[in-house]
Amino acid sequence: MTTVNAPTRDHPATGEQPPPEARGRHRPGLRARMTGSASPSPRLVAAVITVTWLAVLAESTLVPVNPVLHRVALFVHLACLVVGFGAVVTVDWYALKWLLRRCQLRQVLAVADQVHLLIWLGLAGLAASGGLLKPDLGATLTQVKLLLVLLVALNGVQATALHRRIAAFAGPVPRWLLVRSVLAALVSQGGWWGAMAIGFLSSHPA
Ligand code: HEM
């Protein structure tokens, strides 16, 4: 199987390689090893996300018409867009640099690890504020946008699981795992740009 060599477990300060016998082995993540705790299963997280998404849609039908609330929610919506999508672009920028051989895979993983909370906070804020903006659930474009939001979130769960698997390799990472990670990044970009474009077009019809 094709692999990419020793990307993640060099010593961060010394750059030393792990011993040959440790390379290529799949090891539990650092956090799991330190705390002895495993992360919740991706399936459970995906189920919680789907239920939350449905709850936001239900809540959006109960929101009273209130211009002040609408303005505040729109401001929060755009602020969360900056935070969430800004963090996504940062990770994907590093991933692109890695593809162009301008940085190492472990740098991409380190950046993703640092900003992934921002991505989830941004997405949660977008969903919460979006619900207060009274989306027109009968409009096809809005339906597509909401499905894209769900896709982005579920794809994010998948991408997080893939990053953990890659980071757990002590040596060469199988190429199929990297290809899946790149595909997840492409799906994420498509989903975010699609949701942004539809949000903009529905707020500013031609
Ligand atoms: C990835 C997630 C999302 C992105 C990137 C996004 C992006 C945007 C953008 C760019 C706008 C246009 C703002 C403007 O031009 O003034 C917008 C507006 C809007 N969004 Fe979202 N949004 C997201 C999630 C959601 C969700 C989950 C909902 C509903 C539950 C929602 C409901 C709305 C509504 C109703 C508007 C129109 C606001 C108005 O009346 O001007 N959005 N969104």
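## A first look

Which helix holds Leu186? Leu186 belongs to helix H6, and with a relative accessibility of 57% Leu186 counts as exposed. Look at Leu186 together with Asp92: the two residues are 94 residues apart along the chain, while their C-alpha atoms are separated by 8.9 Å. Welcome to the structure, which is a predicted model.

## The overall plan

In this protein you will find six helices and two strands. Walking along the sequence, you meet them in the pattern β-α-α-α-α-α-β-α. The protein has 206 residues, and 34% of them are buried.

How do contacts spread along the chain? Taking the contacts with a separation of 6 or more, 80% are between residues 24 or more positions apart. The pairs picked out in this report include one such case, Leu186 and Asp92, at 94 residues apart.

## Where H3 meets H6

A good place to start exploring is the packing of helix H3, residues 67-99, with helix H6, residues 175-203. Their axes lie 11 Å apart and make an angle of about 145°. The crossing of these two helices is left-handed.

Which residues of H3 and H6 make the contact? From H3 come Leu81, Gly84, Phe85, Val88, Val89, Asp92, Trp98 and Leu99. H6 answers with Leu178, Val182, Ala185, Ser188, Gln189, Trp192, Trp193 and Met196. Sorted by class, twelve residues of the contact are nonpolar, three are polar and one is charged.

## Around the ligand

Next, turn to the ligand. How many residues surround the ligand? There are 23 of them, and the closest are His70, His77, Leu81, Lys145 and His204. Leu81 is also one of the H3 residues in the contact with H6. The shell around the ligand is made up of 15 nonpolar residues, seven polar ones and one charged one.

Several helices take part in this shell: H3, helix H4 (105-132), helix H5 (140-167) and H6 each supply at least two residues. The largest share comes from H6, with six residues.

Some side chains place polar atoms by the ligand, and three of these pairs are worth finding on screen:

- His70 has a polar side-chain atom 2.8 Å from an oxygen atom of the ligand.
- Lys145 has an N or O atom in its side chain 2.6 Å from a nitrogen atom of the ligand.
- Ser203 has an N or O atom in its side chain 3.4 Å from an oxygen atom of the ligand.

## Two loops with positive phi

Now for two residues in loops. Arg101 is in the loop between H3 and H4, and its phi is near 60°, a positive value in a residue other than glycine. Is Arg101 buried or exposed? Arg101 is exposed, with a relative accessible area of 77%.

Further along, the loop between H4 and H5 holds Lys134. Lys134 is likewise a residue other than glycine with a positive phi, here near 55°. Its relative accessible area is 36%, so Lys134 is described as partly exposed.

## Residues in H4 and H5

In helix H4 you will find His116. Its relative accessibility is 24%, which means that His116 counts as partly exposed. His116 and Ala87 are 29 residues apart in sequence, yet from C-alpha to C-alpha they are 7.4 Å apart in space.

Helix H5 offers two residues to look at. One is Asn155, which is buried with a relative accessible area of 11%. Which residues does Asn155 touch, leaving out those up to four places away in sequence? Asn155 touches Ala184, Val187 and Ser188. Ser188 is also among the H6 residues in the contact with H3.

The other H5 residue is Ile166. Ile166 counts as buried because its relative accessibility is 2%, and the cut-off for buried is under 20%. Ile166 and Leu178 are twelve residues apart in sequence, and the distance between their C-alpha atoms is 7.8 Å. Leu178 has a part in the contact of H3 with H6 as well, on the H6 side.

Methods: Residues are numbered from 1 along each chain as its sequence is written. This is a predicted model: local features need pLDDT of at least 70, side-chain atom pairs count only at pLDDT 80 or more; totals for chains, interfaces and linings use all residues. Side-chain values use heavy atoms; hydrogens and water are left out. Axes are lines fitted to C-alpha atoms, for helices over the stretch in contact, and angles run from 0 to 180 degrees between N-to-C directions. Helices (H or I, at least four residues) and strands (E, at least two) are DSSP runs, numbered from the N terminus. A crossing is left-handed if the near helix is turned anticlockwise from the far one by less than a right angle, and right-handed if clockwise. Contact means heavy atoms within 4.5 Å. Ala, Val, Leu, Ile, Met, Phe, Trp, Tyr, Cys and Pro count as nonpolar, Asp, Glu, Lys and Arg as charged, and the others, Gly among them, as polar. A residue is near a molecule or strand if one of its heavy atoms lies within 4 Å of it. A polar contact is a pair of N or O atoms within 3.5 Å; within protein, one must be able to donate a hydrogen and the other to accept it, and residues adjacent in sequence count only if both atoms are side-chain atoms. Buried means under 20% relative accessible area, exposed over 50%, partly exposed in between (1.4 Å probe, protein chains only).
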